[in-house]
Amino acid sequence: MKHTILLTGGAGFIGSHLTRLFVTKYPDYRIVNLDKLTYAGNLENLRDIEHAPNYQFVKGDIVDLPFLRTLFAEHQFTAVLHCAAESHVDRSITDPLAFVTTNVIGTTALLQAAKEAWKDDMNGKIFYHISTDEVYGSLGETGFFTEETAYDPRSPYSASKASSDHLVRAFHHTYKLPVKLSNCSNNYGPYHFPEKLIPLCINNILTNKPLPIYGKGENVRDWLYVEDHVRAIDVIFHTGKIGETYNIGGHNEWKNIDLVKELCRQVDQKLGRDKGTSEKLITYVTDRAGHDMRYAIDATKLKNELGWTPSLQFEEGISKTIDWYLANGEWLNHVTSGDYREYYEKMYRG
Ligand code: NAD
Ligand code: TYD
């Protein structure tokens with residue numbers, strides 16, 4: 001079946017990789033990227049595909065239901081790939097309302113618009129909600145999150161994502177909206193905004209700034225290369241069952257401090273610096289409030305039912321990521337200086 005897809009948040013980190021994959025792999029699909037272009041949205045992430053004939057950008061807010069109704073009427077979407085969100089835990093601690101607004105109200109507005117547009121014929125339609133493993137809460141030293149793990153969100157970010165997941169399932173059970181969900185572990189790779197741990201540390205190593213480690217650096221995250229995440233979304237979108245949830249993860253757990261040391265080692269090696277040069281920048285700072293200790297995903301269901309496995313080992317993925325940041329200094333400069341905002345003005349306002 002040919003799809004006309006409303007992809008939300010396509011100018012962000014994961015959304016831009018997902019947009020690129022669908023635009024290039026499925027030339028007979030039409031992809032409409034709806035993005036509000038918050039601080040995290042950057043159209044420079046999509047430069048290579050912005051003129052593709054099956055791609056269109058629309059600036060707008062998922063919270064605006066009348067606008068969404070018009071968009072659905074105009075494009076006759078057959079599917080939604082919902083990536084738009086406020087995504088940074090630290091920002092959610094300072095401004096929880098922004099997270100409830102976009103992640104909860106925005107997702108509900110999108111569900112409502114899809115439900116209204118598809119009410120006479122839900123056949124073949126897909127509302128795919130992209131979510132996070134953080135909804136499951138925090139693990140101790142052992143155990144993994146499965147699709148059956150009870151929700152226990154502990155930050156305003158994860159609580160807002162958990163709430164959006166519940167609403168997606170509620171629309172399925174109440175209105176038979178054909179939904180699919182996936183909950184993924186921490187992503188890394190090109191086009192990652194340098195407020196998150198890995199791009200922040202790469203940027204700070206390159207600019208000789210302190211590498212801030214929260215608490216003792218013993219918190220554990222399960223890291224997955226972003227292209228593996230969007231490959232999994234592609235598989236679930238096309239072969240996953242309606243109404244089901246799939247966990248996505250890399251079985252790749254790292255303590256923050258070990259991860260940052262690995263980044264230091266690889267950057268020093270690539271730049272021909274003396275061993276240990278960048279590690280001197282490591283600085284322990286006050287811990288994040290309510291800092292979740294450990295996340296780890298069990299992705300057995302996705303592997304057994306749909307045959308997906310990660311393609312990259314972490315050392316290789318992180319090496320590719322560092323190489324990308326070294327080769328894309330202009331992107332990093334634009335993002336850190338705020339110049340990327342001018343790109344939209346130039347591109348879309350003549
Ligand atoms: P991001 O912050 O890089 O991008 C979010 C995008 O959404 C931006 O382009 C932003 O402009 C847009 N946006 C925000 N509010 C909007 C609104 N009201 N209307 C329209 N557009 C809006 O986020 P990301 O890291 O790419 O995450 C994408 C999705 O994947 C999120 O739903 C997130 O919860 C989920 N996720 C992220 C990770 C991760 O490690 N980054 C892991 C698992 C799941
Ligand atoms: P982050 O990239 O913000 O992702 P998340 O909080 O969604 O997992 O953070 C990853 C880990 O790194 C998390 O345990 C918090 C920690 N961290 C630091 O130690 N220093 C930092 O400057 C940042 C941004 C994160």
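# Close-up views of a predicted model

**View 1. Strands β5 and β6 lie side by side in the parallel sense.** Strand β5 (residues 126-132) pairs with β6 in the parallel sense, over six bridges. This view, like those that follow, is taken from a predicted model. One of the contacts joins I130 to its bridge partner in β6, S182. Strand β6 spans residues 179-184 and is mostly covered, with six of its six residues buried. Its side chains can be read as two sets: V179, L181 and N183 point one way from β6, while K180, S182 and C184 point the other way. Both sets are buried. S182, the partner of I130, thus belongs with K180 and C184.

**View 2. Strand β2 is paired with β1 in the parallel sense.** Strand β1 (residues 4-8) and β2 are held in register by five bridges. Among the residues shown, T4 has R30 as its bridge partner in β2. Strand β2 covers residues 30-35, and five of these six residues are buried, so the strand is largely enclosed by the rest of the structure.

**View 3. Three strands form an open sheet in the order β7-β9-β11.** The pairing in this sheet is mixed. Its edge strands, β7 (186-188) and β11 (253-255), each pair on one side only. Neighbouring strands of the sheet are turned by 50° against each other on average, with direction ignored. Strands of a sheet pair through backbone hydrogen bonds, and the pairing can be parallel or antiparallel. For β9 (residues 220-225) and β11, the sense is antiparallel, over three bridges. Within this pair, R221 stands opposite W254 in β11.

**View 4. A cavity is lined in part by R221.** A search of the whole structure finds one cavity of 30 Å³ or more. The largest cavity has a volume of about 40 Å³. Besides R221, the lining includes V89, E134, S155 and R288. G290, H291, D292 and Y295 are also part of the lining. By residue class, the lining divides into two nonpolar, three polar and four charged residues. R221 also appears in View 3, where it stands opposite W254.

**View 5. The second largest pocket draws on β9 and α10.** This pocket has a volume of about 160 Å³. Its lining consists of 13 residues, and those nearest the centre of the pocket are G250, N252, L312, Q313 and F314. Strand β9 and helix α10 (314-327) each supply at least two residues of the lining. Which element gives the largest share of the lining? That share, three residues, comes from β9. Seven of the lining residues are nonpolar, five are polar and one is charged.

**View 6. Helix α11 has its buried residues on one side.** In α11, which runs over residues 329-337, the buried residues are W331, L332, H334 and V335. They cover an arc of only 160° around the axis, and therefore lie on the same side of the helix. Just after α11 comes G338, which takes a positive phi of about 85°.

Key: Residues are numbered from 1 along each chain as its sequence is written. Chains are lettered from A and ligands numbered from 1 in the order in which they are written. This is a predicted model: local features need pLDDT of at least 70, side-chain atom pairs count only at pLDDT 80 or more; totals for chains, interfaces and linings use all residues. Side-chain values use heavy atoms; hydrogens and water are left out. Two strands pair if DSSP finds at least two bridges between them. Helices (H or I, at least four residues) and strands (E, at least two) are DSSP runs, numbered from the N terminus. Axes are lines fitted to C-alpha atoms, for helices over the stretch in contact, and angles run from 0 to 180 degrees between N-to-C directions. Buried means under 20% relative accessible area, exposed over 50%, partly exposed in between (1.4 Å probe, protein chains only). The arc is that of the directions from the helix axis to the C-beta atoms. On a 1 Å grid over the protein atoms alone, a cavity is a set of points where a 1.4 Å probe fits but cannot get out, and a pocket is an open set with protein on both sides within 12 Å along at least five of seven lines; lining residues have an atom within 4 Å of a point. Grid points are joined across faces, edges and corners, and a volume is the space filled by probe spheres set on the points. Ala, Val, Leu, Ile, Met, Phe, Trp, Tyr, Cys and Pro count as nonpolar, Asp, Glu, Lys and Arg as charged, and the others, Gly among them, as polar.
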